[in-house]
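Subject: Structure handover

Hi,

Here is the structure I promised to pass on. Please open it first, then read my notes below.

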Amino acid sequence: MPAKPQRDPVLLSRRALLQRAALAGLIVTPAGSLLAACAGSPTSSNTTTGSKTPDNPFGVADGSKVDVIVFNGGLGDEYPKFDNTLFAAKHGKVTVNLSSTQKIKTEQQPRFSTTPADLINNSGADSMALDALINDGALADLGPLLDAPSWDDPNVKVRDTLLPGTVDDGTYNGKFYVMNYAYTVFGIWYNQVLFDKNGWTPPKTFDEFFALAPKIKAQNIAPFAFAGKYPYYMRWAIMSWIWKSGGRSAVVDIDNLKPGAWKTDGVMAALNATEKLVKDGLTLTGSATLSHTESQQAWLDGKAAFLPVGTWLENEMKSTIPAGYQMKISNFWGVSSADKAPNAVYAGSGEGWIVPKKGANSAGGMEFLRAMLSKSGAAKFASLTHSLTSTKGSGDNVTDSTALTSANGLMKSAGELVSFKFPDWYGDLDKASQNAIGELMAGRMTAATFANTMQAAADKVAGDSSIKKQTRT
Amino acid sequence: MRHGKTRFVVGFLALPLALYVWYVVWPFAQSIGYSFTDWGGYSDEQHYIGFANYVRLFNDELIRIAFWHNVFFLITVPLITIGLALFFAFLLNVGGRGNRAGIRGVWGSGVYKIIFFFPQVLSLVLIAVMWQAIYRGDDQGLLNGLLIKTGLVDKDHPLGFVADPTPFLGVPAVLWWILFIAVWGGVGFYLVLFSAAMQAIPKDIYEAALLDGASRFTSFFRVTLPLLRDTVSIAWVYLGFIALDMYALVFVMTPSQGGPNHASEIFASVLNFTAFNSSRSGRYGYACAMGVALGIFTMILAALQLRITRRERLEF
């Protein structure tokens with residue numbers, strides 16, 4: 001598990017904005033680090049606890065109250081109400097006060113150093129800066145939650161009911177502080193109805209795709225659409241292709257600015273396949289100039305067969321999805337049968353929940369989280385929001401969203417998780433890669449030139465002593 | 001009474017002036033201060049590094065590209081906007097002749113004035129968003145759709161517009177397409193400005209010229225233009241400021257804000273990236289140096305412009 005790197009807090013939040021604005025259809029924005037000013041000396045939790053049992057692992061005291069603050073954003077505030085009924089069934093003598101707002105920082109930050117709530121959904125444009133909260137020691141370590149028995153089965157720890165990456169995403173400086181509840185999967189979308197009608201099966205590798213593409217073109221449909229105006233959309237795809245083709249080490253070397261990392265065989269195989277995709281005219285005409293919503297609508301209009309984007313797609317386009325359209329996500333293709341990591345999936349968690357250290361009832365806050373992570377809590381969230389939760393199998397019983405069902409299925413077959421850090425770590429490489437991907441996808445740059453360009457940019461960053469370097473394993 | 005008047009004026013001006021100094025002048029001064037430091041923008045740590053940021057500015061390849069792109073706008077935007085605005089203003093005010101006596105504009109000039117002025121009512125970002133639909137790079141785009149329907153453009157090779165870096169006359173196509181929007185959006189205002197100035201020219205001057213047998217062409221170049229000298233000169237300075245900015249159009253419309261691949265990079269887009277996204281330390285101080293350099297450049301240009309065109313004012 002890669003250690004969470006030290007990053008420039010505001011820089012990170014700002015860049016993350018673009019990607020997370022999309023993540024789960026929510027907007028996570030930078031918040032000023034005003035908190036630093038009002039953080040009192042961190043004291044230990046002043047929770048009153050009852051006795052700890054497997055059914056009450058944190059010892060929530062009877063007669064106590066739990067203050068829960070819900071962010072009422074893209075995912076709504078209905079789902080915690082259901083979790084509250086689960087909680088009440090187990091702890092009838094504990095009162096839960098649910099309140100929802102969009103002004104998390106405005107309302108919670110002034111209370112934080114004295115009387116914070118017990119559980120906060122720190123999300124949205126007005127959320128609190130995590131780095132500041134963590135550095136000031138204001139958050140409770142949620143490690144005990146991970147090691148507590150799960151809600152449904154006392155023999156299984158909560159940790160083992162979570163989707164891969166969730167623990168990593170919430171870990172800062174080696175401690176688990178943030179329980180990210182929603183889960184986003186990235187991949188390549190297709191319309192099942194169209195594929196059934198023509199007897200096509202979604203490819204697993206570029207080789208299979210290149211075999212299928214002529215049949216798609218024969219139907220006057222472009223095989224592949226993408227959001228060319230924002231090249232980071234294609235970066236998700238290209239980095240996943242590189243990971244699958246060259247294995248984890250190919251991407252880790254790129255992130256670590258290793259000399260020649262962009263020119264290895266694994267990377268070149270993925271880049272050559274990308275070049276062929278463009279050079280063979282398999283992309284939707286004009287895709288290189290389209291915004292994300294324009295390309296998504298073109299795909300919904302049946303102009304293209306495949307589209308690479310994340311699971312927020314259904315929510316983002318819900319007002320214009322044609323009747324009888326069955327959107328499904330498939331894993332990013334590998335390159336060929338020689339791939340080193342054919343089952344790697346690009347996915348991650350978001351929509352963080354935190355327990356303040358100074359809350360009057362931290363045990364109650366954690367216990368409520370445990371209820372949220374239960375099977376029925378997760379299933380309710382999935383059916384209400386059509387998004388996956390970080391609990392495994394949350395989409396198992398949802399029948400009215402092919403998008404969610406396919407994402408759920410994809411996570412079941414997932415091997416390792418794809419992750420790449422260089423755009424977050426180095427703004428210069430973020431820009432350089434977006435420019436190069438734009439050129440590659442517009443057909444103005446070859447795979448070889450792309451590799452040279454990126455290598456030169458990476459070498460330049462590596463050689464610039466004024467840039468703080470990060471590493472991962 | 002004189003003393004009371006002064007107190008009256010000061011009383012009214014003190015508050016706005018204080019606000020202006022605090023919110024406009026003081027931040028300017030601060031930027032100049034920061035431009036001599038290696039401040040990163042997010043900490044309270046900064047060191048004085050003298051002119052190092054300015055030296056770096058002259059060796060920055062990206063800044064050089066951006067500089068020439070701004071120079072392109074600096075030449076084209078005022079030239080084309082003022083040319084068109086003068087032409088239209090002339091037609092709308094004195095261009096119509098017909099067979100009746102007197103000086104008037106072409107038929108329906110009142111309506112044209114409103115139409116030409118219309119873009120001025122919209123915010124620049126709104127204009128950019130609207131033009132995205134017009135410039136869209138597939139057959140759904142307004143222009144591409146028309147061109148493909150009429151067979152002027154091959155449906156497999158629609159125009160890229162703001163995503164097209166191909167050089168035209170040595171300048172990337174994307175800049176020409178952005179120039180078009182800037183001119184379209186700017187002409188209306190200067191048309192109205194010049195119209196007002198033209199209406200202030202006494203009609204008998206034109207009538208005298210007419211009696212002497214002057215054509216429209218002659219009356220424009222020999223009568224109108226010389227009498228509009230001051231107005232045109234001011235317009236040129238304003239448009240120069242706009243040409244050195246152009247940030248909104250580039251930021252909203254071009255791929256990766258200044259792309260494709262730096263083809264539409266301008267001073268402001270490089271400055272924005274440097275201040276907020278660059279991975280180098282000391283980026284904020286460097287970005288401030290860019291801003292200060294741009295400010296100095298703008299002031300020199302404005303001063304030169306007003307100096308060159310200064311002449312004896314004609315009273316009528």
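Two residues are taken to be in contact if their C-beta atoms, placed from the backbone, lie within 7 Å. Please keep in mind that this is a predicted model.

**Between the chains**

By that criterion, chain A puts 28 residues into the contact and chain B puts in 22 residues. On the side of chain A that touches chain B, helix 1 (9-22) and helix 19 (427-441) are the elements that give two or more residues. Helix 19 of chain A gives the most, with 8 residues. By class, this side of chain A has 8 nonpolar, 9 polar and 11 charged residues.

**Chain A overall**

Chain A has 473 residues, and buried ones make up 55% of them. Its secondary structure comes to 20 helices and 11 strands. Take the contacts in chain A with a separation of 6 or more: 76% of them join residues 24 or more positions apart.

**The two domains of chain A**

Chain A divides into domain 1 (9-184 + 348-412) and domain 2 (186-347). Their contact takes 20 residues from domain 1 and 18 residues from domain 2. On the domain 1 side, helix 1, strand 6 (179-191) and helix 17 (402-412) of chain A each supply at least two residues. Which of the elements gives the most to that side? Helix 17 of chain A does, with 6 residues. The class split for the domain 1 side is 10 nonpolar, 10 polar and no charged.

**Chain B overall**

Chain B has 13 helices and 2 strands. Buried residues account for 35% of its 316 residues. The C-alpha atoms of chain B fill a box of roughly 75 × 75 × 30 Å along the principal axes. For contacts in chain B with a separation of 6 or more, 66% are between residues 24 or more positions apart.

**The core**

The largest nonpolar core has 205 residues, and Val185(A), Ala304(A) and Ile178(B) touch the most other members. Helix 7 (residues 173-199) of chain B provides the largest share, 15 residues. Both domains of chain A take part: the core draws at least three residues from each of domain 1 and domain 2.

Ala304(A) is worth a click. Leaving out residues up to four places away in sequence, Ala304(A) touches Ile221(A), Ala222(A), Pro223(A), Phe224(A), Ala225(A), Leu284(A), Ala298(A) and Trp299(A).

**Ile329(A)**

Next, look at Ile329(A), in strand 9 (residues 327-330) of chain A. Is Ile329(A) buried or exposed? It has 28 C-beta neighbours inside 10 Å, so Ile329(A) counts as buried. The cut-off for buried is 20 or more. Beyond neighbours within four places in sequence, Ile329(A) is in contact with Val185(A), Gly187(A), Trp189(A), Thr311(A), Ala403(A), Ser406(A), Ala407(A) and Leu410(A). Val185(A) also appears among the core residues that touch the most other members. From Ile329(A) to Gly310(A) is 8.5 Å, C-alpha to C-alpha, with their positions 19 residues apart in sequence.

**A helix pair in chain B**

How do helix 2 (residues 52-59) and helix 13 (residues 283-308) of chain B cross? Their axes come within 9 Å and cross at roughly 75°. Angles of 65 to 115 degrees count as roughly perpendicular, and helix 2 and helix 13 of chain B are therefore roughly perpendicular to each other. Helix 2 of chain B contributes Asn53(B), Tyr54(B), Arg56(B) and Leu57(B) to the contact. Helix 13 of chain B contributes Gly285(B), Tyr286(B), Ala289(B), Met290(B) and Ala293(B). By class, this contact has 6 nonpolar, 2 polar and 1 charged residues.

**Two backbone oddities**

Most residues other than glycine have a negative phi. His386(A) is not a glycine, yet it has a positive phi of about 55°. His386(A) sits in the loop between helix 16 (375-385) and strand 11 (388-389) of chain A. With 22 C-beta neighbours inside 10 Å, His386(A) counts as buried.

Chain B has a case too. Asn261(B), also not a glycine, has a positive phi of about 50°. Its place is in the loop between helix 11 (247-253) and helix 12 (267-276) of chain B. Asn261(B) counts as buried because it has 23 C-beta neighbours inside 10 Å.

Best wishes

How values were computed:
Residues numbered from 1 in each chain as written. Chains lettered and ligands numbered in written order. Predicted model: local features only at pLDDT ≥ 70, side-chain atom pairs only at ≥ 80, totals over all residues. Core = buried A, V, L, I, M, F, W, Y, C linked by C-beta atoms within 7 Å. Buried ≥ 20, exposed ≤ 12 C-beta atoms within 10 Å, placed from the backbone. Helix = DSSP H or I, 4+ residues; strand = E, 2+ residues; numbered from the N terminus. Domains from an automatic or database assignment. Nonpolar A, V, L, I, M, F, W, Y, C, P; charged D, E, K, R; others polar. Axes fitted to C-alpha atoms, helices over the stretch in contact; angles between N-to-C directions. Parallel < 35°, antiparallel > 145°, perpendicular 65-115°, else oblique.
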